[in-house]
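I opened this notebook to record what I looked up in one structure. The entries follow the order of my looking.

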Amino acid sequence: MIMVTGANGQLASLTLQELAERNVPALGGTRSPAPGQRRLDFDDPASLDLTGVSTLVLVSAGYAEDDQVVTRHRAALDAAVRDGVRHVVYTSLAGDGDHLGFALAHRATERLVTSSGLAWTVLRNGLYAELFGALLTWTADGVESAFGDGALAAVARADLAAAAAVVAGDPTAHAGETYELVGEPITAVGIAESLGVAHRTMGLGEYRARLLADDTLLPFQPSMLVSIATSVRHGFLGATSPDLARLLGRPLTDPLAVATDTAAAMRRSFASA
């Protein structure tokens with residue numbers, strides 16, 4: 001049986017949907033399970049019951065400081081070894097993302113995965129096109145960001161979910177592989193052009209100040225978001241790879257269209273605020 005962790009999250013829920021459409025039986029694990037799901041709380045090791053699971057799709061449990069994320073992942077892998085899981089598929093971060101503020105937890109987890117004694121596959125996911133679009137800020141005159149004219153090899157979340165389903169459905173064929181799952185380079189300027197509006201580039205200091213003043217963000221998030229902005233701005237996240245298209249056996253979803261649609265939805269929220 002396949003289990004996908006973080007089942008209520010967007011990537012995991014799309015992965016479960018992809019598996020269902022492929023008629024591959026799979027179970028979702030989450031701390032707040034719906035009917036047909038299994039309770040799985042990485043912060044409560046006693047809840048980590050992986051009996052009957054042959055392939056574990058370990059969706060990164062981010063949204064915390066590095067030590068907490070790594071501890072969560074270690075607990076999940078310990079349970080996998082204990083309960084007889086044979087293969088773990090880990091959703092990591094693209095190799096170009098080593099400059100990002102949340103890269104360390106991914107790289108540390110990759111070490112745990114590859115040294116666990118389990119068969120493994122690492123999916124190094126690029127940053128979502130949806131995220132790129134959502135990080136543009138609407139103003140009365142158009143959009144602004146700290147990305148400058150830098151390019152991001154953004155990828156549609158649905159494509160990453162499809163890739164996870166492909167690997168989980170036939171894990172033996174992908175054992176010991178690390179895939180770079182990125183899309184085609186797009187820019188904030190290009191998104192603005194698709195929207196038919198102007199783009200203003202703000203400085204990183206201005207961006208950081210805005211983030212620090214936002215009381216809806218968790219303490220670790222401002223530095224994380226600034227690291228994304230500066231990495232895009234200075235050309236560290238634009239490299240491409242054929243891995244995703246090869247896994248999917250089809251062209252990738254257009255990341256510019258996805259980012260533009262997301263930004264357009266954000267505009268509607270801005271207008272109604």
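Entry one: burial. I found that 52% of the 273 residues of the protein chain count as buried; buried means under 20% relative accessible area, exposed over 50%, and partly exposed in between, with a 1.4 Å probe and protein chains only. I note that this is a predicted model, where local features need pLDDT of at least 70 and side-chain atom pairs count only at pLDDT 80 or more, while totals for chains, interfaces and linings use all residues. Residues are numbered from 1 along each chain as its sequence is written, and side-chain values use heavy atoms, with hydrogens and water left out.

Entry two: overall build. I counted ten helices and twelve strands in the protein chain; these are DSSP runs numbered from the N terminus, helices being H or I of at least four residues and strands E of at least two. The radius of gyration is 19 Å, close to the 19 Å that the globule rule gives for 273 residues, so the chain is as compact as a globular protein of that length. That radius is taken over C-alpha atoms, and the rule is 2.2 Å times the number of residues to the power 0.38. I also noted that the C-alpha atoms fill a box of roughly 55 × 40 × 35 Å along the principal axes.

Entry three: the seven-stranded sheet. I read the order of this open sheet as E3-E2-E1-E4-E5-E6-E10, with parallel pairing; two strands pair if DSSP finds at least two bridges between them. Strand E3 (38-39) and strand E10 (177-181) are at the edges with a single partner strand each, so one side of each has no neighbour in the sheet. I then looked at E1 (residues 2-5) and E2 (residues 26-30), which run parallel and are joined by four bridges. Val4 is opposite Gly28 in E2.

Entry four: helices on that sheet. Helix H1 (residues 10-21) packs on the sheet and touches E1, E2, E4, E5 and E6, its direction making about 155° with that of E1. Contact means heavy atoms within 4.5 Å. Helix H5 (residues 157-169) lies across E1, E4, E5, E6 and E10, at about 170° to E6. Axes are lines fitted to C-alpha atoms, for helices over the stretch in contact, and angles run from 0 to 180 degrees between N-to-C directions.

Entry five: the three-stranded sheet. I found an open sheet in the order E7-E8-E12, with mixed pairing. Its edge strands are E7 (137-139) and E12 (198-201), each pairing on one side only. Strand E8 (residues 142-145) pairs with E12 in the parallel sense over four bridges, and Val143 stands opposite His199 in E12.
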